[in-house]
Structures are given as C-alpha cells and as structure tokens.
There are 2 protein chains.
Amino acid sequence: MNSEFTIAVHSLVLLAYRPDHMATSDMIAHNVCTHPARVRKVMACLRKLGYVKAKEGSGGGFILSCDPSQVTLAEIYRATSIGSIKPGWCSGDAEQECMIACNMADVMGQIFTEAEMHLLGFLQQLTIQQVLGRIRDVQQDRT
Amino acid sequence: MNSEFTIAVHSLVLLAYRPDHMATSDMIAHNVCTHPARVRKVMACLRKLGYVKAKEGSGGGFILSCDPSQVTLAEIYRATSIGSIKPGWCSGDAEQECMIACNMADVMGQIFTEAEMHLLGFLQQLTIQQVLGRIRDVQQDRT
DNA sequence: AGTAACTGTTACGAATATAATTACAGTATG
DNA sequence: CATACTGTAATTATATTCGTAACAGTTACT
C-alpha cells in the first residue's frame, strides 16, 4: 500500500483534532515525520477534492473543510492510492503459446481489482473521526 | 502486495493444469517469466507446507501434492505475503508529546491488520482450481 | 513598496526495496 | 562418475520510494 494514504489520513486526523487551528506544512510534516514538500503534495490533492482548504502567503496553512465524521478512509484511499494493492511485477508473458503464461497477468489483474474493492468496503466503515477516537483509546490504554 | 504471492499462485495453477506432469524450476521460471532460483525459493516454501512435492536430482522437479479445488488463495497469501499490505513507511513518532503523533503508528497498524483480515476473507473464496477456470474463461473470450 | 512567511510544483539525489544473477553444496539417475 | 536437478546464500543490478533543494506565485504585515 502507498504511504501517501498514511500521510493523508494522519494529516486529516491532526486537523480534525483541532478543527479551528490552521496548520502549516512545516507543522504537519513535523508531526507526521516527513518533509514539508511531501505534505504539501498530499495536501494539494486533498484540497482539490475539498477535504481541506489551503491558504497561501504569510500566516497561511491548511484547515479542515469537511465533516470528519462523514469522510471515510475509502475516499482517502481512492484519492491517494487506488491501484496500489497490485504489485508492480507481473508474471507470465502475453506472447507465449501456453494458455497459463499468456493469460495469467489478466486474471491476476482481475483478482487484485476485486480484492481492492473488498478493501474499499472495509475502509468505507472507518471515518476520520473514528480514527481520532482510536487514537484517544490507545492513549487511554497507555496509563 | 508481495510479488511472491503472484509467483506462488502462477506456479500452482501451472502444476494444476497438468497434475501428473513434473516441472523443473527452469520450465516454471520460463512460464512465469522470472529466474529459476527465485522459483525454487518460492517452491521450497510451498513444499514445506505440503502443497507441492520436490524431487531432487536428475529427472527431478516439482509436482502438485494437494487438491487444487481445496487450496485457497488465502492460504497462499498467508504462506508468502502476510503483512505485506502494510506500507514499510510509518508516520508519527512515539517520542513526541502530541497524542496524534505518538499513537498514529499503532492505530494505522491496527487498521492495516484488520484490512488484511478482510482481504484474507476475499481470498478464501478463491481456489487454485477457480483461478485455472478463470484462465480458461479469458482464453475463451479471446476467440 | 518591501520583506517575511507561506503554498504549489518540479527536478534531482539518496536511501531502500526488489528482482536477477551467480555460485556452489547436496542429491538422485542412468 | 557424469549429468541434471533442488536448496540456499551471497552478490549485483534495477526500480521504487523518500528526502531535499529550488523557485515561482501569493498573502500579510509594517
């Protein structure tokens, strides 16, 4: 799975944690533990889909512009990582005579596509708000 | 997803296609389109779990030793690729004060584990025999 | 107007993961 | 005892991923 999914979810949860607080890419990057430029890239994607608003210029940054209890991880997966369940490497060879060799890539492609749909079904059940809830639960258990 | 899963499934389907035919790692590697040593590594794993039998020495190779209509892709996934759905990269940092930063890795870990269980549920429904059936279907559609 | 603090985006280098290849010990066959 | 295999580890090559730098464009503040 694509790690941009992780960055996107982390950033949205962070923004949902303080809904009225504007966060710069520097602040988010520090929290997520990556580079600000990478955060900006992911956030630009989330902005285009309306999940966050970006403000350029001095005093700017990102702020949540969605209801975190309505946004599911399935949407975020679709936005950032669709297709990433399938390995880059493909077996077989369409040029071969053998029925197995020349059709296996197609069939595995089908299977990975269906597997991804099932994965989306699971992610559909989880909202950003629920992820924040889980964070609180884990924090509670630490004590 | 780990590409060894693909190699394992491809090899098993190939062996199921000709159940009484012994195939060398060279033959399988040519069909799968990879290196014989890689095939042997994956097959050694399948052998230890009883899915195939290996015969060393001249005239040796691999032969199926399971019922392909009983072996599901979930078993193969477990054997070759468990944990591979989770990206290697982890966000957050356990040393930070922030509740989000220090617990996000744990929570994402939970989520990926659950996602993998759902994935296994889907793969459980697919047998090696059914994959072979799909190959035949795709071949049919070509004409 | 000018400076500082941001985002948006691209390009490139570094680190990491993955696959191919080589090598060789061990084993069965004829 | 030569040949044809598996089993396995080590090494090299390649692809992918991540970090970083650079800079144009935008806004706020003085």
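## Close-up views of a two-chain model with DNA

**View 1. Two copies and their axis.** In this predicted model, a turn of 180° and a shift of 0.0 Å along the axis lay chain A on chain B with an RMSD of 0.0 Å (least-squares superposition on the C-alpha atoms of residues with pLDDT of at least 70 in both). The two copies are thus related as by a two-fold rotation axis. Both copies use the same surface, as 100% of the contact residues of chain A recur in chain B (contact means heavy atoms within 4.5 Å). To find the axis, look for A:Leu119, whose C-alpha, at 3.2 Å, comes closest to it among the residues of chain A.

**View 2. The surroundings of DNA strand D.** Here 25 residues lie around the strand, and A:Thr34, A:Arg38, A:Glu56, B:Ser25 and B:Arg47 come nearest (near means a heavy atom within 4 Å). α3(B) gives the most to this surface, with five residues (helices are DSSP runs of H or I, at least four residues). Of the strand's atoms within 4 Å of the protein, 72% belong to sugar or phosphate and the rest to bases.

**View 3. Polar contacts with DNA strand D.** Each pair here joins N or O atoms within 3.5 Å. A side-chain N or O atom of B:Ser25 is 2.7 Å from a phosphate oxygen, and B:Lys48 places a polar side-chain atom 3.4 Å from a phosphate oxygen. At B:Ser58, a polar backbone atom is 3.1 Å from a base nitrogen.

**Notes.** Residues are numbered from 1 along each chain as its sequence is written, and chains are lettered from A and ligands numbered from 1 in the order in which they are written. Local features need pLDDT of at least 70, side-chain atom pairs count only at pLDDT 80 or more, and totals for chains, interfaces and linings use all residues, while side-chain values use heavy atoms, leaving out hydrogens and water.

Key
A polar contact is a pair of N or O atoms within 3.5 Å; within protein, one must be able to donate a hydrogen and the other to accept it, and residues adjacent in sequence count only if both atoms are side-chain atoms. Helices (H or I, at least four residues) and strands (E, at least two) are DSSP runs, numbered from the N terminus.
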